[in-house]
Amino acid sequence: MKKDTPGSRRTFIKQSSLALAGFSIVPRHVLGKGFVAPSDKLNIAAVGCGGKADFNIQQAFNNGTDNIVALCDVDDRQAKKYREKFPKAPYYKDFRQMLAKEKKHIDAVIISTPDHMHYPVAMAAMQLGKHVYVEKPLAHDIWEARQLTEAAQKYKVVTQMGNQGSSGKGTRLTESIIQSGAIGDVHTVEVWTNRPVWPQGVKSPKDKGETQPVPSEVDWNLWLGTAPFREYHEAYMPFRWRGYWDFGTGSLGDMGCHFMDVPFRALKLGYPTSVECSVGQIYSDFFKEAFFDDVCPPSAAIHLKFPNTGKGSHKEISVSWYDGGIRPRLPEGCDYEKVFARVDGGLLFIGSQGILAAEIFGENPKLFPSEKFANYVLPDPKRPLVEGDTNGHQQQWVNACKKGYGTYTSSAFNEAGPLTEMVLMGNLAVRSFLYRTPREQGGFDFPGRKKLLWDGANMKITNFDVANQFVKRQYREGWS
């Protein structure tokens, strides 16, 4: 044995301290099966605690396999449940304060706000290097969606949009059937939904001059965020904001990223080349059309054209969207009850050799004519299945965050961004359709009621410049 000297004791103490420091977080395998080490937990902040956030937070927390370390909501009533569940998590009303004060403790952020606040919250988080999960649609405007897509790559963060159907088996199965060529060359896609299931196409409290006192639990200024100022009314929140142009994106924003995700992936659609639409009209009196500019219309039919990048004989693929209870014409050989089985909507792929009908998330695909496909064997999904199917969407993102940038997620922004642009193109068409100029002799002209030509790379309508104001909105002062 060597003689114990002060120097050797100091060396031993130093080495022992380093060893202890190195094992202050004990590896999972040392602690036994089922125990999650602190180093394996993702530290998550939630911006928005009610509505869809309730499910997102629950699934990400996953009964404690991960941490909720900060909460933010402009409405204390919406935050009550999770403030009680996570009493140690600091609570904020302003996401900017939360990010500034808690950034050292946060790995990732879940954003479940109204649509008009998706972009500013997500961009602020990504600029700090935080992984983000953003509810659908990814953004309120086409420009915002493009910026978030580029930012995800720039800041090297793991991303996921909240269209959970993209993690479902139905999406993968329908995609594989289409890509197998079972129904031949697909030239037409029809998509429909029963939305809106909230008041829409009606006169808003703003237009009626109605106001109400702001509830003590609500920071109305922060709720408005980027949107122009208006007085408070309970008609806007919670959830009913979706039908107001300043806050939401209508039926398309609610369901478009669910339904249109399936053809977007299956047919590898890029930017559309054109869009046209028609909308449901409202009359306040005999031959007196009413215009409610504050809200989305009661119904719409939108028609997009995409270049066919496949080997099919058709140069273009037509994708049409119907909402407000409007449905497409049923093709010959299809069973009405099977095609329109789901009241909330569905999908039709029409190809040169047959038709495929599916429900939301591409679920329950059915091939027509039935007799032709009686012995058809379904192909295996090409993309890997997600543990938990659609309910595993949040945890897939959480696990990817732990592994780091480049790890696959079902709806990473490189796909979710272009998908959202495609969806929001429909709203650009609707707002252009509703745009009007007064005539000297009375009445209005509607110069935007035409097929709009789209330069996707440059985010520009090339034949009606007025429409370009709907590519990127103006933020309220202080939110630029």
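Select Glu190 together with strand S12 (residues 316-323): the bridge partner of Glu190 in S12 is Ser320. The model on screen is a predicted one. Now extend the selection to the whole of S12 and strand S7; the two run parallel and are joined by five bridges.

Next, add strand S13 (residues 345-351). S7 pairs with S13 in the antiparallel sense, over seven bridges. To locate this pairing, display Thr188, which stands opposite Ile350 in S13. How much of S7 is buried? Seven of the eight residues in S7 (residues 186-193) are buried, so the strand is largely enclosed by the rest of the structure.

**The open sheet**

Turn now to a sheet of six strands. The sheet is open, its strands follow the order S3-S2-S1-S4-S5-S6, and the pairing is parallel. Which strands stand at the edges? They are strand S3 (91-92) and strand S6 (159-161); each has a single partner strand, so one side of each is left without a neighbour in the sheet. Select strand S5 (residues 131-134) beside S6: three bridges link S5 and S6 in the parallel sense. One point to label here is Val132, whose bridge partner in S6 is Thr159.

**Helices H14 and H3**

Keep the sheet displayed and add helix H14. H14 lies across strand S1 (43-47), strand S4 (108-111), S5 and S6, and runs at about 170 degrees to S5.

Then select helix H3 (residues 52-61) with helix H14 (residues 393-403). Their axes come within 8 Å and cross at roughly 50 degrees. That angle makes H3 oblique to H14, since oblique covers angles that are neither under 35 degrees, nor over 145, nor from 65 to 115. H3 passes H14 in a right-handed crossing. To see the contact itself, show the side chains of Phe55, Asn56, Gln59 and Ala60 on H3, and of Gln394, Gln395 and Val398 on H14.

**The nonpolar cores**

In soluble globular proteins, nonpolar side chains tend to be buried together. The largest nonpolar core in this model has 104 residues, and the residues with the most contacts inside it are Met260 and Phe349. Colour helix H15 (residues 413-434) next, as the largest share of this core, 11 residues, comes from H15. Another core, of 23 residues, lies apart from it; among its members are Cys49, Ile57, Phe86 and Ala89.

**Two single residues**

Centre the view on Ser274, in strand S8 (residues 274-279). Is Ser274 buried or exposed? Ser274 has a relative accessible area of 5% and is therefore buried, the cut-off being under 20%. Leaving aside neighbours within four places in sequence, Ser274 is in contact with His303, Leu304 and Lys305, and also with Lys451, Leu452, Leu453 and Trp454.

Finally, select Glu210, in the loop between helix H9 (205-208) and helix H10 (220-224). Glu210 counts as partly exposed because its relative accessibility is 34%, and that class lies between the 20% limit for buried and the 50% limit for exposed. Which residues is Glu210 in contact with, leaving aside its neighbours within four places in sequence? They are Pro205 and His233. As a last step, draw a distance from the C-alpha atom of Glu210 to that of Tyr435: the two residues are 225 apart along the chain, and these atoms are separated by 25 Å.

How values were computed: Residues numbered from 1 in each chain as written. Predicted model: local features only at pLDDT ≥ 70, side-chain atom pairs only at ≥ 80, totals over all residues. Heavy atoms only, no water. Helix = DSSP H or I, 4+ residues; strand = E, 2+ residues; numbered from the N terminus. Buried < 20%, exposed > 50% of the residue type's maximum accessible area, 1.4 Å probe, protein only. Contact = heavy atoms within 4.5 Å. Pairing = 2+ DSSP bridges. Core = buried A, V, L, I, M, F, W, Y, C linked by side-chain atoms within 4.5 Å. Axes fitted to C-alpha atoms, helices over the stretch in contact; angles between N-to-C directions. Left-handed = near helix turned anticlockwise from the far one by under 90°.
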